[in-house]
Amino acid sequence: MTRLMVDLERIRSNIAVLQRHIAPAEFMLVVKDDAYGHGVEAVIAAAEGVRWFGSFDVATGVRVRAVTGPEARIFTWSAVSEDELVQARDARLDLGVGDFATLARVAEGSGAAPVRVHLKIDTGLHRSGVRPEEWADFVARAAAAEASGTIVVAGIWSHIAEASDADDDRARAEFDRAVDVALAAGLKPEMRHLAASAAAHARPEFRYDLVRFGAFAYGVRSAEGANVPGIEPAATLLASVTAVDDDTVEIGIGALDGLPSTLSGRVPVRTVAGARALRVGLASSIVAGWDGAAIGDEVAIFGPGGDSDSSATTLAEAIDSVGEEILVRLSPLLPREYVG
Ligand SMILES: *Cc1c(COP(=O)(O)O)cnc(C)c1O
């Protein structure tokens with residue numbers, strides 16, 4: 001049967017390795033895009049000992065809250081509508097806020113408990129966040145709202161490109177200035193957080209109080225990047241032989257399941273007979289040159305094991321993509337199977 005097999009024990013051990021590596025900074029498990037395709041509910045239930053989750057959107061944050069119970073901290077950072085703001089309050093989500101209008105709306109308050117917000121400085125990505133020249137005004141407004149009891153400034157944060165060390169260093173200097181300005185305005189953010197997997201893993205000065213880990217927690221290394229010691233992919237993509245006709249072997253997975261058709265001829269798949277070439281079709285695909293295949297035989301499109309270890313990242317590298325992209329493109333209808 002076609003399925004994504006997810007090794008939850010592997011995710012747990014990846015998390016433990018990363019937690020040790022970045023201590024005393026705290027670990028946030030980013031679970032956007034259905035936990036990078038692995039399935040958000042199962043991943044969170046398995047993530048024992050994780051206190052911080054990053055959900056991107058409010059809807060996912062609410063799903064996370066349903067699994068974790070009241071103690072976990074759940075950070076969301078998408079733009080929020082009026083309705084989402086209400087849902088976020090009810091689920092006691094931590095909100096990333098990177099513009100004046102949102103800050104004003106959150107600060108209007110509802111009489112209930114104050115909303116925990118994390119103020120975002122734009123450190124150079126220009127995707128969202130408050131520009132440095134407006135930052136002093138922004139934190140002053142946040143401090144006033146905090147004094148009135150409608151919000152608590154729980155964090156200062158930003159996001160960096162992780163494309164070059166020099167750019168990241170410039171972003172970090174900007175971030176440090178922003179934190180200083182916030183402290184001078186009387187804010188006492190519990191968490192400063194800047195980096196995701198790659199920069200935080202490689203460079204201690206990027207860890208601050210909290211690291212937002214997505215890719216590495218699932219064992220997805222950076223494209224063209226070295227393996228990270230102790231980190232292994234948790235996902236194996238499997239399909240079975242559905243038809244055998246002379247030397248044409250058909251397997252039950254194709255572009256409709258989210259497999260990029262550009263993979264054709266570029267990556268081998270693992271069969272009981274060894275590595276074989278793949279031609280991706282729409283609803284099914286062809287494995288070439290596989291004598292002796294029988295209906296029901298299993299094929300690993302990627303996954304650890306055998307003498308041709310592969311991963312979502314291996315596939316991605318063949319088509320100039322990244323491992324996350326391969327995983328999040330997999331159809332939600334494709335069954336997930338959990339082990340561990
Ligand atoms: C996706 C994302 C992360 C996690 O990034 P990885 O490189 O997968 O670790 C962290 N922070 C933000 C804001 C993100 O959007």
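The following legends describe close-up views of a predicted model.

**View 1. The nonpolar core, which lies between two domains.** The largest nonpolar core has 105 residues, and L29, L119 and Y218 are the members that touch the most others. Helix α7 gives this core its largest share, 6 residues. Because domain 1 (8–218) and domain 2 (235–339) both contribute residues, the core lies between them. In soluble globular proteins, nonpolar side chains tend to be buried together.

**View 2. The surroundings of L119.** Once residues up to four places away in sequence are left out, L119 touches V97, L103, W135, F138, V139, A142, V153, G155, I156, W157 and L187. L119 is also one of the three residues that touch the most other members of the largest nonpolar core, the other two being L29 and Y218.

**View 3. Strand β10 and its pairing with β1 and β15.** Strand β10 (residues 235–245) runs antiparallel to strand β1 (residues 3–7), to which 4 bridges join it, and in this pairing L4 stands opposite L237. Strand β15 (residues 298–302) is likewise antiparallel to β10 and is joined to it by 4 bridges, with A300 in β15 as the bridge partner of L238.

**View 4. The hairpin of β10 and β11.** Strands β10 and β11 form a hairpin with 2 residues between them, and D246, in the turn, has a positive phi of about 50°. The two strands run antiparallel and are joined by 4 bridges, β11 spanning residues 248–251. Within this pairing V244 stands opposite V249 of β11, while V241 stands opposite I251 of β11.

**View 5. The two faces of β11 and its pairing with β14.** In a regular strand the side chains alternate between the two faces of the sheet. Along β11, V249 and I251 point to one face and are buried, whereas T248 and E250 point to the other and are not buried. Strand β11 also pairs with strand β14 (residues 285–288) in the antiparallel sense, over 4 bridges, and here the bridge partner of E250 is I286 in β14.

**View 6. The largest cavity and its lining.** A search of the whole structure finds 2 cavities of 30 Å³ or more, and the largest cavity holds about 50 Å³ of space. Its lining consists of H38, Y218, G219, V220, P233, A234, A235, F302, S311, A312, T313 and L327. Among these lining residues is Y218, which is also one of the residues that touch the most other members of the largest nonpolar core.

**View 7. E232 in the loop before β10.** E232 lies in the loop between β9 (210–213) and β10. Because its relative accessibility is 34%, E232 counts as partly exposed. Its contacts, leaving aside neighbours within four places in sequence, are R10, N14, Y218 and G219, and of these Y218 and G219 also belong to the lining of the largest cavity. E232 and P304 are 72 residues apart along the chain, and their C-alpha atoms are separated by 8.1 Å.

**View 8. R127 in the loop before α7.** R127 is placed in the loop between β6 (115–120) and α7 (132–148). With a relative accessible area of 65%, R127 is exposed. R127 and A178 are 51 residues apart in sequence, and the distance between them is 17 Å from C-alpha to C-alpha.

Terms used:
Residues numbered from 1 in each chain as written. Predicted model: local features only at pLDDT ≥ 70, side-chain atom pairs only at ≥ 80, totals over all residues. Heavy atoms only, no water. Buried < 20%, exposed > 50% of the residue type's maximum accessible area, 1.4 Å probe, protein only. Core = buried A, V, L, I, M, F, W, Y, C linked by side-chain atoms within 4.5 Å. Domains from an automatic or database assignment. Contact = heavy atoms within 4.5 Å. Pairing = 2+ DSSP bridges. 1 Å grid on protein atoms, 1.4 Å probe; cavity = no way out; pocket = protein on both sides within 12 Å on 5 of 7 lines; lining within 4 Å. Points joined across faces, edges and corners; volume = space filled by probe spheres on them.
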